[in-house]
Amino acid sequence: MKALVARSYGPVENLTLADVPKPTPGPGHVLVRSEASALNAIDLALITGAVKDHLPIQHPFVPGVDVTGVVEAVGEGVSRFSVGDRILAWNGVPSGGLAEYTLVQDAPSAALRPATLSPAESAGLPTAALTAAALIDEATPRADEKVLVVGASGGVGSFVVQLAKRTGAKVLATARADEEDLLRRLGADATVNYQTSDVTAEALRWAPGGVDVVIDLTHAGPALAGAAAAARPGGRLASPLMGPSAFDRGVTAVYTGTRTPAGRLEVLAAQAAEGHLHVEIGARYSFTDAPRALADYAHKHLHGKVVITL
């Protein structure tokens with residue numbers, strides 16, 4: 001079968017489409033004929049070796065943590081899926097979605113795909129929506145609270161805006177000028193152009209005294225202090241990246257990544273299928289263009305999700 005392959009740690013430009021053995025499902029796994037996969041920041045980190053000290057991989061490595069497709073074979077002990085089922089999944093570090101066939105674990109990280117959800121939408125959902133939901137869990141925005149979302153136009157950010165708005169909170173989203181209309185359609189009450197404005201200053205104008213919650217998807221470590229300065233005394237900051245546990249004025253911080261509690265992916269997929277959760281697809285590529293898709297994702301500003309269809 002064909003797959004996008006990394007032979008060693010290095011730049012994304014080193015990956016090539018190559019023939020690799022078709023996998024066989026072992027106990028607790030299913031073999032999926034891939035229909036689409038979406039790119040995520042973790043793909044780049046695994047490929048380049050940026051996280052190899054705590055998330056090592058084996059080479060040759062096939063990236064793609066998000067995948068959707070049709071179950072072709074099931075391993076021993078699989079109870080939730082059958083041959084012919086259409087599913088979507090978050091594969092985590094094992095990855096493998098950028099191949100004609102991939103293995104998926106029979107676990108809460110996989111779910112049946114609603115009939116009305118397209119392969120592209122399904123591929124764009126798992127990592128970004130699950131991470132956004134985990135951030136909302138930790139940040140706990142409440143009705144009428146004010147939330148600043150930094151990095152709102154990306155894959156995770158587009159879901160954070162929607163999920164935060166559904167709590168009844170008011171949302172200020174950072175965006176480039178050409179993304180402001182999109183974020184307002186997703187539910188943002190206001191936007192701030194981070195290219196031309198001081199985000200913290202604008203947030204404090206929008207919410208005198210500071211916002212209740214900051215969800216920063218862009219910065220890590222000490223760089224989070226700028227966004228934290230937009231929070232009110234005793235406010236809350238949440239991020240998928242690491243940083244201090246607290247900031248000035250009693251602003252507390254929580255950090256979380258992708259989580260797969262039982263039933264959550266099914267709920268998110270159903271919400272997307274019913275039109276209650278929008279999967280923003282900023283760019284689509286064919287499988288033969290997968291190397292270019294990865295390079296564009298690494299080096300260009302692309303809003304929403306980048307999806308590769310097989």
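Tutor: Let's start with a convention: helix axes are lines fitted to C-alpha atoms over the stretch in contact, and angles run from 0 to 180 degrees between N-to-C directions. The model in front of us is predicted.

Student: Good, then why are α1 and α9 called roughly perpendicular?

Tutor: α1 and α9 pack at an angle of about 100 degrees, with their axes 10 Å apart. The class roughly perpendicular covers 65 to 115 degrees, and α1 and α9 are therefore roughly perpendicular to each other.

Student: Which residues make the contact between α1 and α9?

Tutor: From α1 come A41, L44 and I47, and from α9 come L294, Y297 and A298. By class, that contact has six nonpolar, no polar and no charged residues.

Student: What makes α3 oblique to α4?

Tutor: The axes of α3 and α4 come within 8 Å and cross at roughly 45 degrees. Roughly parallel needs an angle under 35 degrees, while roughly perpendicular starts at 65. The crossing falls into neither class, so α3 is oblique to α4.

Student: Is that crossing left-handed or right-handed?

Tutor: α3 passes α4 in a right-handed crossing. The α3 side of the contact is A128, A129, T131, A132, A133, L135 and I136, and the α4 side is G155, V156, F159, V160, L163 and A164. Those residues divide into 11 nonpolar, two polar and no charged.

Student: How do you know which class the pair α3 and α8 belongs to?

Tutor: Same routine! Helix α8 (residues 264-273) packs with α3 at an angle of about 110 degrees, and their axes are 10 Å apart. Since the upper limit for roughly perpendicular is 115, α3 and α8 are therefore roughly perpendicular to each other.

Student: And which residues meet there?

Tutor: P126, A129, L130, A133, A134 and D137 of α3 meet R264, L265 and L268 of α8. That contact holds seven nonpolar, no polar and two charged residues.

Student: Let's turn to pockets. What is the volume of the largest pocket?

Tutor: About 1,300 Å³. Of its 46 lining residues, the closest to the centre are A41, V156, L217, L241 and Y297. α1 gives the most to the lining, with four residues, and among the elements that supply at least two are α3, α4 and α9. The lining divides into 25 nonpolar, 19 polar and two charged residues.

Student: What lines the second largest pocket, and which residues are the closest to its centre?

Tutor: That pocket has about 450 Å³ of space. It is lined by 22 residues, with P94, S95, G96, T102 and L103 the closest to its centre. Strand β6 (residues 101-105) gives the largest share of the lining, five residues. The classes are 14 nonpolar, eight polar and no charged.

Student: What is notable about the backbone of S95?

Tutor: Its phi is near 55 degrees, a positive value in a residue other than glycine. S95 is found in the loop between β5 (86-90) and β6.

Student: Lastly, how do you know that the peptide bond joining H59 and P60 is cis or trans?

Tutor: Look at omega: about 0 degrees, a cis peptide bond. P60 is found in the loop between α1 and β4 (66-74).

Definitions and conventions. Residues numbered from 1 in each chain as written. Predicted model: local features only at pLDDT ≥ 70, side-chain atom pairs only at ≥ 80, totals over all residues. Heavy atoms only, no water. 1 Å grid on protein atoms, 1.4 Å probe; cavity = no way out; pocket = protein on both sides within 12 Å on 5 of 7 lines; lining within 4 Å. Points joined across faces, edges and corners; volume = space filled by probe spheres on them. Nonpolar A, V, L, I, M, F, W, Y, C, P; charged D, E, K, R; others polar. Parallel < 35°, antiparallel > 145°, perpendicular 65-115°, else oblique. Left-handed = near helix turned anticlockwise from the far one by under 90°. Contact = heavy atoms within 4.5 Å.
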